Amino acid sequence: MELSAKTGISQSAIAKWKKGKTEPTASALIILSEFFDESVDYLLGLKEYPLFIKQARRQTESLTARLISLFLYIFCQLFRLV
């Protein structure tokens, strides 16, 4: 009931999905992807990881690159290599 109230998708449609009688329409998938803040591909099982994990990985990789650059800068300054 809660998902229905929050998305505007009928309770009967959601019940049919759960029972495997029907599948969500394209418009329902878009509504669900916006509600859950996930890609339609992930909801359909076409992508292995949720969007938030991919974003976290990108941020971690970016932070790692910045930390390495900072370390190299400090190292070079300490040993006057630059």
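These are my notebook entries on aromatic pairs, a salt bridge and one buried residue in a predicted model.

**Entry 1: aromatic rings**

I searched the whole structure for aromatic pairs and recorded 3 of them. I then looked up F71 and F75, whose ring centres are 6.2 Å apart. The angle between their planes is 25 degrees, and planes under 30 degrees apart count as stacked, so I entered this pair as stacked. Both residues belong to helix 5, which covers residues 51-78. They are 4 residues apart there, so about one helical turn separates F71 from F75.

I next checked how much of each residue is accessible. F71 has a relative accessible area of 54%, and because exposed means over 50%, I noted F71 as exposed. For F75 the value is 36%. That value lies between the limits of 20% and 50%, so F75 is partly exposed.

F75 also pairs with F79. Here I wrote down a distance of 4.8 Å from centre to centre and an angle of 50 degrees between the planes. This pair is tilted, because its angle is neither under 30 degrees nor over 60. F79 has a relative accessible area of 53%, so I listed F79 as exposed.

Which residues do the ring pairs link into a cluster? I noted F71, F75 and F79 as its members.

**Entry 2: the salt bridge**

I looked for salt bridges and the count came to 1. The partners are E2 and K6, and their closest N and O atoms are 3.1 Å apart. This distance is within 4 Å, so the pair meets the cut-off. I located both residues in helix 1, which runs over residues 2-7. E2 and K6 are 4 residues apart in that helix, about one turn. Are these two residues buried or exposed? I recorded E2 as exposed, and K6 as exposed too.

**Entry 3: S4**

I stayed with helix 1 and turned to S4, which lies in that helix. Why does S4 count as buried? Its relative accessibility is 13%, and buried means under 20%, so S4 falls in that class. I then looked up what S4 touches, leaving aside its neighbours within four places in sequence. The residues in contact with S4 are I9, S10, Q11 and I14. My entry for helix 1 therefore holds buried S4 together with exposed E2 and K6.

Terms used:
Residues are numbered from 1 along each chain as its sequence is written. This is a predicted model: local features need pLDDT of at least 70, side-chain atom pairs count only at pLDDT 80 or more; totals for chains, interfaces and linings use all residues. Side-chain values use heavy atoms; hydrogens and water are left out. Rings of Phe, Tyr and Trp (its six-membered ring) pair if their centres lie within 6.5 Å; planes under 30 degrees apart count as stacked, over 60 as edge-to-face and the rest as tilted. Helices (H or I, at least four residues) and strands (E, at least two) are DSSP runs, numbered from the N terminus. Buried means under 20% relative accessible area, exposed over 50%, partly exposed in between (1.4 Å probe, protein chains only). A salt bridge is a side-chain nitrogen of Lys or Arg within 4 Å of a carboxyl oxygen of Asp or Glu. Contact means heavy atoms within 4.5 Å.
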